[in-house]
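Reader: I've got a model open on my screen and would like to walk through it with someone. Can we start with the ligands and then look at a sheet?

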Amino acid sequence: MIETKPNDMNDTDPAESFRDRIATVDAKGRRNWVYAQKPKGRFYNIRTWVSWGFFILFFSLPFIKLNGRPLFLFNIPEAKFIIFGKIFWPQDFFIFGITMVTFIIFIVLFTAAFGRLFCGWVCPQTIFMEMLFRKVEYAIEGDAAKQKLLNKSPWTGEKIRKKVIKHLAFFMLAFIIANYFLSYIIGVDELKKIITEPVSEHFVGFMAIIIFSGIFYGVYAYFREQACTVVCPYGRLQSVLLDRNSMIVAYDYKRGEPREKYKKEAEIKAGDCIDCFQCVKVCPTGIDIRNGTQMECVGCTACIDACDKMMDGVGRPRGLVRYASENGISEGKKLSYTARMKFYTALLVLLVGLLSFLLISRKDIDGTVIRTTGMLYQERGNDSLSNLYTIKIINKTIKDIPVNLRLEGIEADAGKIELVGTNNILVKQEDQASGSFFIILPKNLINKRKTKLQIGLYEGDKKITTLNTNFMGPFSRL
Ligand code: SF4
Ligand code: SF4
């Protein structure tokens with residue numbers, strides 16, 4: 001149910017006027033506040049159960065650890081990401097990039113097949129708005145009609161009491177969500193420090209909690225459906241992602257039109273839609289689903305429940321508003337698996353295969369060896385030459401590892417590695433370390449300008465990985 005203003009008159013054909021602007025903005029660009037009536041019905045019940053599953057996951061995941069690490073961490077400021085307990089550094093960015101591309105292709109494919117199922121059922125914005133904040137609002141201010149009445153009424157003690165309780169509850173919920181949101185970025189251990197230690201020691205973290213709380217409060221108390229209809233890029237991409245075979249929440253205009261108010265005992269000459277506007281009154285984005293597929297529809301199914309209830313009431317079959325495709329309704333076709341979807345699926349399988357390979361073959365310890373620039377070889381006594389190198393080692397595990405280096409790829413004991421100032425390189429957990437070393441080779445082994453060598457990285461006697469490098473000798477054979 002939308003609050004319209006008297007001068008909000010449309011200057012185009014009333015039947016098409018809904019296309020002039022989004023439903024929540026009037027002709028002068030002012031916000032039309034949506035008073036969504038509380039949905040009731042089977043889809044709303046199932047969505048409630050789904051939302052409980054979501055809440056359990058959302059509020060428990062930050063506490064779940066795998067091998068001492070959070071299961072998920074998206075530490076954007078430090079460019080550190082943990083996915084299913086595996087840590088990803090900037091050096092793994094290509095894996096992360098492929099994960100993101102896979103995810104985007106999955107969304108494209110999924111949307112082409114199932115429309116906005118994600119938005120209506122599992123999008124955090126919809127779940128928090130419809131299944132948490134909206135329910136708190138219903139509990140404090142009552143259903144849509146009572147909310148509208150309360151907003152229009154003068155500021156009495158009762159109104160102040162309700163508004164204060166509601167906004168305090170909203171801010172508390174926003175504060176809790178902000179804390180959990182932050183725990184996905186910095187981890188619960190860091191969050192605990194911000195909460196328990198003096199503010200002066202974690203001023204940035206403390207400010208982040210306050211700012212996030214303010215943003216969440218603003219979004220759920222005021223911005224609401226605008227996040228889906230104006231800001232969300234996924235919502236705005238619907239027009240290119242959906243086709244006539246995509247599954248959407250749709251009004252069966254073949255069956256419903258021409259609509260006519262329900263009259264008892266009347267002979268049914270018109271369509272099944274009794275023009276009761278119940279589907280419009282429950283819509284959280286304020287649209288009329290009977291106008292066809294619209295960008296604002298988040299697929300929440302509230303209109304399906306509302307219409308089914310009306311159809312039950314007038315003794316007509318359910319499903320006047322239902323999950324269907326455009327073709328399904330206009331031509332009586334079933335949902336089909338189109339060539340475009342097959343192509344997306346093939347691409348997705350390919351990318352998931354590549355991603356799995358990269359994840360499985362990814363090393364927990366990795367490094368790079370660079371020969372010191374600007375230096376050629378050095379004479380070592382009468383019979384040997386040396387090259388100077390620097391090595392950088394990344395430790396993606398959660399234990400400190402002392403790494404020693406061994407020369408490989410040439411005859412055993414023919415050459416050696418000499419670390420500068422140490423016997424091994426200690427690489428702290430989830431950190432990186434660097435060092436310098438010489439490779440010393442006897443002259444009789446050097447028969448070309450560039451000799452390929454391998455360096456084994458060992459933890460004690462356990463080989464971790466092998467790195468490749470070159471040994472530079474003189475231009476001519478010695
Ligand atoms: S049209 Fe129906 S499914 Fe779409 S947002 Fe409105 S109530 Fe939800
Ligand atoms: S709820 Fe059903 S019957 Fe009522 S207006 Fe909407 S589509 Fe028509």
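Reader: Which residues surround ligand 2?

Author: Keep in mind that this is a predicted model. By class, the shell around ligand 2 breaks down into 10 nonpolar and two charged residues, with no polar ones. Going through it by name, you'll meet Tyr251, Cys273, Ile274, Asp275, Cys276, Phe277, Cys279, Arg290, Cys307, Met311, Leu320 and Val321.

Reader: And ligand 1, where does it sit?

Author: The structure holds four cavities of 30 Å³ or more. One of these, the largest, has about 90 Å³ of space. Ligand 1 sits in that one, the largest cavity.

Reader: How many charged residues are in the shell around ligand 1?

Author: 13 residues surround ligand 1, with Cys283, Cys297, Val298, Cys300 and Cys303 the closest. Sorted by class, 10 are nonpolar and three are polar, so to speak of charged residues in this shell, the count is: no charged residues.

Reader: Which residues lie nearest the centre of the largest cavity?

Author: The lining has 10 nonpolar, three polar and no charged residues. Out of the 13 residues lining the largest cavity, those nearest its centre are Cys283, Ile287, Cys297, Cys300 and Cys303.

Reader: Now the sheet with the order E3-E4-E5: which strands stand at its edges?

Author: It's an open sheet of three strands with antiparallel pairing. Two of its strands have a single partner each, so one side of each is left without a neighbour in the sheet. Those edge strands are E3 (72-75) and E5 (86-88).

Reader: What is the bridge partner of Phe74 in E4?

Author: E3 and E4 (residues 80-83) run antiparallel and are joined by four bridges. In E4, Phe74 has as its bridge partner Phe81.

Methods
Residues numbered from 1 in each chain as written. Chains lettered and ligands numbered in written order. Predicted model: local features only at pLDDT ≥ 70, side-chain atom pairs only at ≥ 80, totals over all residues. Heavy atoms only, no water. Near = heavy atom within 4 Å. Nonpolar A, V, L, I, M, F, W, Y, C, P; charged D, E, K, R; others polar. 1 Å grid on protein atoms, 1.4 Å probe; cavity = no way out; pocket = protein on both sides within 12 Å on 5 of 7 lines; lining within 4 Å. Sits in = over half its atoms within 2 Å of the grid points. Points joined across faces, edges and corners; volume = space filled by probe spheres on them. Pairing = 2+ DSSP bridges.
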